[in-house]
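Q: Could you take a close look at one part of this model for me, the aromatic cluster, and walk me through how its rings are arranged? A bit of context on the whole protein and a few other local spots would be welcome too.

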Amino acid sequence: MEAKQVDYGELFIEFITTFKDNRGKSYLNQINEIIAYRKKSFYVNFADLFSFNQELATLLITSPKEIIPILERKIYDYIIEKDPQFQYEISNIHLRVTNIPRVVELRKIRSNDIGKLIAIEGILVKSTPVKERLSKAVYQHISPDCMQEFSWPDDDMGEIIELPSTCPVCGKAGQFRLIEDKSTFIDYQKAVVQERPEEIPPGQLPRQLEVVFEDDLVDVARPGDRVKIVGILEIKKDSQIKRGSKSVFDFYLKVNSIEISQKVLDEVKISEEDEKKIKELAKDPWIREKIISSIAPSIYGHWEIKESIALALFGGVSKLLNDGTRIRGDIHVLIIGDPGTAKSQILQFASRVAPRAVYTTGKGSTAAGLTATVTRDKNSGDFYLEAGALVLADGGVAVIDEIDKMRDDDRVAIHEAMEQQTVSIAKAGIVAKLNARATVIAAGNPKLGRYIKERGISENINLPPTILSRFDLIFILIDNPGESDVYLASHILNVHGNRNNTQSVIDIDLLKKYIAYARKNVSPKLSEEAKKLLQDFFVEMRRKSVESVDSPIMITPRQLEALIRISEAYAKMALKSEVTKEDAERAINIMRIFLENVGLDVESGKIDIDTIMTGKPKSAREKMAKILEIIDTLSINECAKVKDIIKEGESIGIDKQSIEKLITDMRKQGLIYESRPECYRKV
C-alpha cells in the first residue's frame with residue numbers, strides 16, 4: 001500500500017507540473033500564487049484531473065478520506081521545496097476540488113453516498129458565528145514521576161475529543177491536562193443548506209442538510225446566497241458511542257469547496273438553440289405586445305396589469321455609484337382589486353414564469369419569515385442567522401398575495417427590503433445585513449370589500465403611505481359590469497371547455513428563458529432622446545404644480561426614477577442595448593395611466609402624488625389646517641363645540657360632511673381631543 005501511496009502522490013505532482021488546459025493555463029501559476037500570498041488552498045478542476053488520469057480522479061470521488069490527505073501532504077512538501085520559509089507560516093495546504101460532474105439533489109442523498117465526495121446545490125439559509133475546533137491537542141501527564149507534555153493524536157482529531165488511554169512517553173495510565181496555548185485550533189462554522197424554492201415538489205417540506213466549513217472557507221457565504229458545495233458526506237456523532245446509544249444518525253457535509261452564484265440566473269439553462277429562438281423572437285417589432293399577451297393568457301383583459309407584471313419580470317438596470325450608493329433596478333408592482341378579479345391567478349402566473357421566485361401570502365407571513373431571524377439550535381444551543389422569503393428571492397421576484405391582511409408590525413419589515421434592497425437584523429448579539437435585491441409584486445383587496453371610486457386610494461386600502469410610495473406602479477381592478485361581459489363569459493367558458501383559444505402567444509418555458517436571458521445579458525443605457533423626453537415630462541408635470549397657489553404636487557423624483565426603470569424594462573423586452581424615445585414614450589404612457597387612476601385627488605379632480613406619498617392630497621391637508629385653526633380660535637376660553645366648528649367651516653366653503661370626517665380623522669391622529677361631549681380642543 002505504501003508504494004501505491006507514493007505512486008499517487010508522484011502522479012499528482014506530475015499532473016500539477018505538466019498539465020495545461022486548452023487555454024494554456026497551468027497549475028504552476030496557482031502554486032506561485034500560494035507561495036506569494038501565503039494562501040491555504042489549492043484548487044483542482046475535476047475535469048482536468050479526469051482527463052489526466054481516470055483512476056486517480058475516481059479514487060478522489062470514492063475514497064476522499066484516504067486519498068486527499070496523501071495528496072495534500074505531497075503538495076505541501078512540493079511547496080516547501082520551492083520556498084522553505086513557507087512551513088514556518090502555514091502548517092498545511094487544503095486540496096479543494098471543483099466542477100464535480102454528478103450533483104446530488106438534497107432529497108436524493110442516501111446511505112451509499114456516505115464517505116464519498118459529492119456535490120450539492122441549494123440556498124444557504126442559516127449560519128452560525130465562527131468558532132474554534134481543537135484539531136491537535138497537547139496534553140501533560142499529571143503524575144509526579146512523569147509530568148511530560150506530548151501532542152496527540154498524530155493527525156486531525158475530528159469533532160469529538162478522544163483522550164489517550166496511556167501516556168506515550170512513560171507508557172502509564174493516569175490523568176491528562178490539556179494545554180490550550182500549545183494546542184492547534186482551526187476555524188469552524190456550521191451552516192444549513194436548503195433546496196431552492198423552485199425545486200420543491202408541491203406539498204413537500206423543503207429538505208435541509210447541515211454543512212461544516214473549516215479554515216479559509218468560513219464566512220465565505222452568508223444566508224441567502226445560492227451555493228454549489230463539494231464535500232464529503234459524513235455521519236454526525238454527537239457524543240462518544242457507548243452501550244445503549246441510539247443507532248440512528250444524521251448526515252452532515254464536510255465542505256471541500258464552495259461556489260457562490262450571486263445574481264447570475266443559473267437556474268434556467270439556456271442552450272444554443274434556445275438562444276437562437278430568443279434572438280429570433282426579439283427581432284419581431286411586436287415582441288412587447290406578444291410578451292404581454294403571454295402573461296396569464298387564461299385571464300381575460302387587464303392589459304395594463306399584465307403589462308406592469310411583464311415590466312416587473314424584466315426589471316430595469318441596477319446601478320452602483322462611485323460613492324457606494326446602490327440605485328435599485330427592480331420595479332415593484334401593486335394590484336388592488338375587487339374580489340373575484342383573478343389577482344391571485346395573475347400573481348401565481350408571475351411566480352411560475354419568473355426565473356427565480358418566492359410566493360407567499362400576507363396572512364401566512366411574519367416579519368421574521370419575510371426578512372430574517374435569529375434562531376437557537378435545540379441540541380447545541382448555537383445561534384443561527386436564518387434568511388427569510390425576501391432574502392431567498394434575492395436576484396428574483398418576491399410575490400406577496402393578500403398584502404392587506406398582514407399585521408402592521410410585520411408590514412414594516414418590507415420597507416427596507418423594497419427601497420434599500422437589504423435586510424438588517426440585530427438580535428441575540430448578531431448584527432447582520434443581508435441582500436434582498438428582489439422585485440416585489442403584491443396584491444390586496446380594498447378595505448371595505450369593494451373599491452369605492454369616490455374615495456382616495458389611502459381610504460380604500462389598508463396600507464400605510466410609507467409602503468404605497470415604494471411601489472413604482474399601482475393598479476386598481478374594479479369589477480365593472482358592462483358590454484364586455486359577453487366576451488368575458490365566453491373566454492371563461494372556453495378555458496373551462498379546454499378549447500385552445502387561450503394558447504399563450506409565446507410558450508411559457510420559452511418565455512421563462514427569454515426573461516432569464518434578458519435579465520442576465522441586457523443592460524440598456526438611456527439614449528439622449530429618451531433622456532430629453534423623460535426630463536421634459538418631469539419638468540412639465542412639476543411646472544403644473546406651481547401654476548397656482550392651490551396646485552398639488554403631481555410628481556416627485558421617486559416617480560422619475562421609476563420612469564427610468566420602466567423605460568429600461570421596455571428596452572429589455574426587445575433585448576435592446578439602448579433605451580430609445582419609443583421606450584420612454586411607453587413608460588410615460590403607463591405612468592400617466594397609473595397617476596390618473598391612483599394618484600388622483602377625488603375632491604379636486606387633479607393629479608396629486610401626495611395621495612400615495614403621504615396618504616392625504618393637498619386639498620385635504622389644507623382643509624384640515626383650516627379646521628384646526630377654527631378649533632384653536634374657538635377654544636380660547638373653553639372647548640370648541642361641533643356646531644360652531646361646522647358654522648365657521650361652512651362660512652369658508654367647507655361642507656358639513658367633510659368637517660365631520662376631518663374631526664374624526666384628527667381625533668384618531670391625536671391632533672384634537674374631546675374635553676366634553678361634542679366639544680373639542682387642540683392637543
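A: Let's start with the whole thing: the protein has 25 helices and 26 strands, where helices (H or I, at least four residues) and strands (E, at least two) are DSSP runs, numbered from the N terminus. Bear in mind that this is a predicted model, where local features need pLDDT of at least 70 and side-chain atom pairs count only at pLDDT 80 or more, while totals for chains, interfaces and linings use all residues. Residues are numbered from 1 along each chain as its sequence is written, and side-chain values use heavy atoms, with hydrogens and water left out.

The C-alpha trace spans about 105 × 70 × 50 Å along its principal axes. Of the 683 residues, 49% are buried, meaning under 20% relative accessible area, with exposed being over 50% and partly exposed in between (1.4 Å probe, protein chains only). Take the contacts (heavy atoms within 4.5 Å) between residues at least 6 apart in sequence: 70% of them join residues at least 24 apart.

Now to the rings. Rings of Phe, Tyr and Trp (its six-membered ring) pair if their centres lie within 6.5 Å; planes under 30 degrees apart count as stacked, over 60 as edge-to-face and the rest as tilted. By that rule there are 12 aromatic pairs. Phenylalanine 15 and tyrosine 27 make one of them: the ring centres are 5.1 Å apart and the planes sit at 45 degrees, so the pair is tilted. Phenylalanine 15 is in helix α1 (residues 2-18), and tyrosine 27 is in the loop between α1 and α2 (28-37), so this pair ties together parts 12 residues apart in sequence. Both partners are buried: phenylalanine 15 has 0% relative accessibility, and tyrosine 27 has 8%.

Phenylalanine 15 also pairs with phenylalanine 52, with centres 5.3 Å apart and planes at 55 degrees, so this pair is tilted too. Here the partner, phenylalanine 52, lies in helix α3 (residues 46-52), so the link to phenylalanine 15 in helix α1 ties together parts that are 37 residues apart in sequence. Phenylalanine 52 counts as partly exposed, at 24% relative accessibility. Put the pieces together and you get one aromatic cluster, formed by Phe12, Phe15, Phe19, Tyr27, Phe42 and Phe52.

Next, a couple of backbone spots. Most residues other than glycine have a negative phi. Arginine 38 has a positive one, near 55 degrees, in the loop between α2 and β1 (41-45), and it is partly exposed at 23%. Histidine 302 also has a positive phi near 55 degrees; its place is the loop between α8 (287-293) and α9 (303-314), and its 27% relative accessibility makes it partly exposed.

Two more side-chain spots. The charged end of lysine 126 sits over the ring of tyrosine 384, 5.3 Å from its centre; for that label, NZ of Lys or CZ of Arg has to be within 6 Å of the ring centre and within 35 degrees of the ring normal. Serine 527 is in the loop between β22 (525-526) and α19 (528-545) and is buried, with a relative accessible area of 8%. Not counting residues up to four places away in sequence, serine 527 touches Glu578, Val579, Thr580 and Lys581.
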